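Please look through the entry below before reading my comments. They are arranged as numbered points.

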Amino acid sequence: MAQSERPKQHTVYTKKGNTNPSNILPQKLDLQSSLQFECHPGVSCFTACCHTIKIILTPYDILMLRRRLGLSADEFITTYTEPTYLEKTDMPGLQLKLMGEKQACPFVTPEGCTVYTDRPSACRYYPVGMADFHEGGIEDEEAEEKFFFLVKEPHCKGHEEPKHWTIGEWRADQGVDVRDEMNKEWLRLVMRRKSFGQQASLSDAAKRMFFMATTDLDTFRSFIFESSFLDTYEVDQETLDRIKTDDVALMLFSFSYLANSLFGAPGLHIREGKIKEKVAQLQQQQNEALKRAEQEYEELRSERDRMLAERGQSPENPKKS
Ligand code: SF4
Ligand code: SF4
């Protein structure tokens with residue numbers, strides 16, 4: 001198209017936010033399965049799927065679109081996106097802001113997609129969705145089971161075109177594999193949150209940090225180099241040199257940082273001095289709490305003694321006067 005799809009459901013990627021499940025063919029496909037489909041300016045439905053859709057943007061999508069448009073993160077976010085929640089969690093993210101009465105993607109024209117080579121990941125999948133189950137839990141990559149499925153919506157005439165591919169060929173043509181690699185750790189963060197469910201709460205500060213780090217690399221870079229971040233975390237010089245100038249490296253670093261700070265995943269090292277400082281701080285809090293408890297106990301005991309004395313009773317044997 002103008003194709004668009006997007007990461008959906010647990011680990012299910014398809015296209016439009018309002019894709020009706022009845023349009024998903026009940027057949028598990030693999031990379032060798034065949035696909036009859038083609039989308040080109042000659043199809044009668046050309047750009048139909050670029051309207052009234054919900055396209056979630058991954059951090060890599062944001063980076064690529066910003067570069068393409070020559071915009072700062074702030075300018076891009078304000079002009080082309082609106083906030084959303086990711087995968088039915090409380091994790092904040094961005095979706096493309098639709099425009100006008102027709103609720104059109106901001107990048108669609110009658111001639112097609114104006115950002116085609118940098119179109120979002122969601123726009124690359126359609127009509128092949130991907131499901132990714134973590135039977136052994138989110139940490140267990142070995143037990144990951146991936147399969148593909150086909151979305152066949154009545155308005156999409158691409159299925160009537162004669163071109164045949166394998167799913168693997170289609171994915172390579174659409175540049176999906178590179179996107180999957182770039183999006184993998186971000187998606188893993190969202191899935192971690194999803195698997196924790198509502199029992200585990202995430203503080204507002206943690207949600208703000210997640211949003212900032214995954215949507216606004218300019219601000220995240222300032223956070224790394226201009227806050228006390230480097231007093232707390234030990235980061236080797238080579239990584240620092242890279243993330244100072246390389247946005248993709250910074251983005252991947254942000255995923256490690258978030259996995260570590262939000263979910264306790266290994267990867268980043270807190271400085272020895274900081275750990276000692278924290279332990280001392282906790283010890284001091286504990287000592288203070290103990291002191292307060294002792295004080296309260298003493299106050300209660302003297303109050304009890306005073307009341308007993310008033311009644312002419314002895315604290316050692318309160319029943320006898
Ligand atoms: S980014 Fe391009 S392909 Fe995706 S919905 Fe917009 S116009 Fe269509
Ligand atoms: S063929 Fe399908 S994917 Fe292509 S423009 Fe039409 S609706 Fe969109």
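The points below go from model confidence to the overall fold, then to single elements and residues.

1. Basis of the note. This is a predicted model, in which local features need pLDDT of at least 70, side-chain atom pairs count only at pLDDT 80 or more, and totals for chains, interfaces and linings use all residues. Residues are numbered from 1 along each chain as its sequence is written, while chains are lettered from A and ligands numbered from 1 in the order in which they are written.

2. Confidence. The predictor's per-residue confidence, pLDDT, runs from 0 to 100. The chain averages 85, and 87% of the residues score at least 70. By element, the lowest mean pLDDT, 33, belongs to strand β1 (residues 6-8), and the highest, 97, to helix α1 (residues 59-69). Residues 1-18 have a pLDDT below 50, yet beyond near neighbours in sequence this stretch has 79 contacts in the model. A contact here means two C-beta atoms, placed from the backbone, within 7 Å. Where pLDDT is low, the predicted coordinates should not be read in detail.

3. Overall content. There are eleven helices and 13 strands in the chain; helices (H or I, at least four residues) and strands (E, at least two) are DSSP runs, numbered from the N terminus. Of the 321 residues, 30% are buried. Buried means that 20 or more other C-beta atoms lie within 10 Å of the residue's own, exposed means 12 or fewer, and partly exposed lies in between, with C-beta atoms placed from the backbone. Taking contacts between residues at least 6 apart in sequence, 74% join residues at least 24 apart.

4. A three-stranded sheet. One open sheet has the strand order β4-β6-β5 with antiparallel pairing. Its edge strands, β4 (56-57) and β5 (81-85), each pair on one side only. Pairing requires that DSSP finds at least two bridges between the strands; β5 and β6 (residues 92-96) have five. Among the bridge partners, threonine 84 is matched with glycine 93 and threonine 81 with leucine 96. The two strands form a hairpin with six residues between them, and glutamate 87 in the turn has a positive phi of about 50 degrees.

5. Glutamine 95. Is this residue of β6 buried or exposed? Glutamine 95 counts as buried because it has 21 C-beta neighbours inside 10 Å. Leaving aside neighbours within four places in sequence, its contacts are Lys54, Ile55, Ile56, Leu57, Thr81, Glu82 and Thr84. The C-alpha atoms of glutamine 95 and isoleucine 62 are 9.9 Å apart, with a sequence separation of 33 residues.

6. Helices α6 and α10. Helix α6 (residues 204-215) has twelve residues and reaches 16 Å between its end C-alpha atoms, close to the expected 16 Å. The expected span is 1.5 Å times one less than the number of residues. The buried residues of α6 are Phe210, Ala213, Thr214 and Thr215, and their cover includes α1, α2 (73-80), β6, α5 (176-196), α7 (217-226) and α10 (247-263). For the 17 residues of α10, the end C-alpha atoms are 23 Å apart, in agreement with an expected 24 Å. Buried residues of α10 include Leu250, Met251, Phe253 and Tyr257; the buried set packs against α1, α5, α6, α7 and α9 (237-245). Just after α10, glycine 264 has a positive phi of about 70 degrees.

7. Backbone geometry to check. Most residues other than glycine have a negative phi, and most peptide bonds are trans. Threonine 47 has a positive phi of about 75 degrees, and threonine 52 one of about 40 degrees. Threonine 47 lies in the loop between β3 (34-36) and β4, as does threonine 52. Threonine 47 is buried, with 21 other C-beta atoms within 10 Å, whereas threonine 52 is partly exposed, with 14. The peptide bond from tyrosine 126 to proline 127 is cis, with omega near 5 degrees; proline 127 lies in the loop between α3 (122-125) and β9 (128-134).

8. Ligand 2. Which residues come nearest to ligand 2? They are Cys39, Cys45, Cys49, Cys156 and Gly158, out of 15 residues around it; a residue is near if its C-beta atom, placed from the backbone, lies within 6 Å. The shell divides into ten nonpolar, four polar and one charged. In this scheme Ala, Val, Leu, Ile, Met, Phe, Trp, Tyr, Cys and Pro count as nonpolar, Asp, Glu, Lys and Arg as charged, and the others, Gly among them, as polar.
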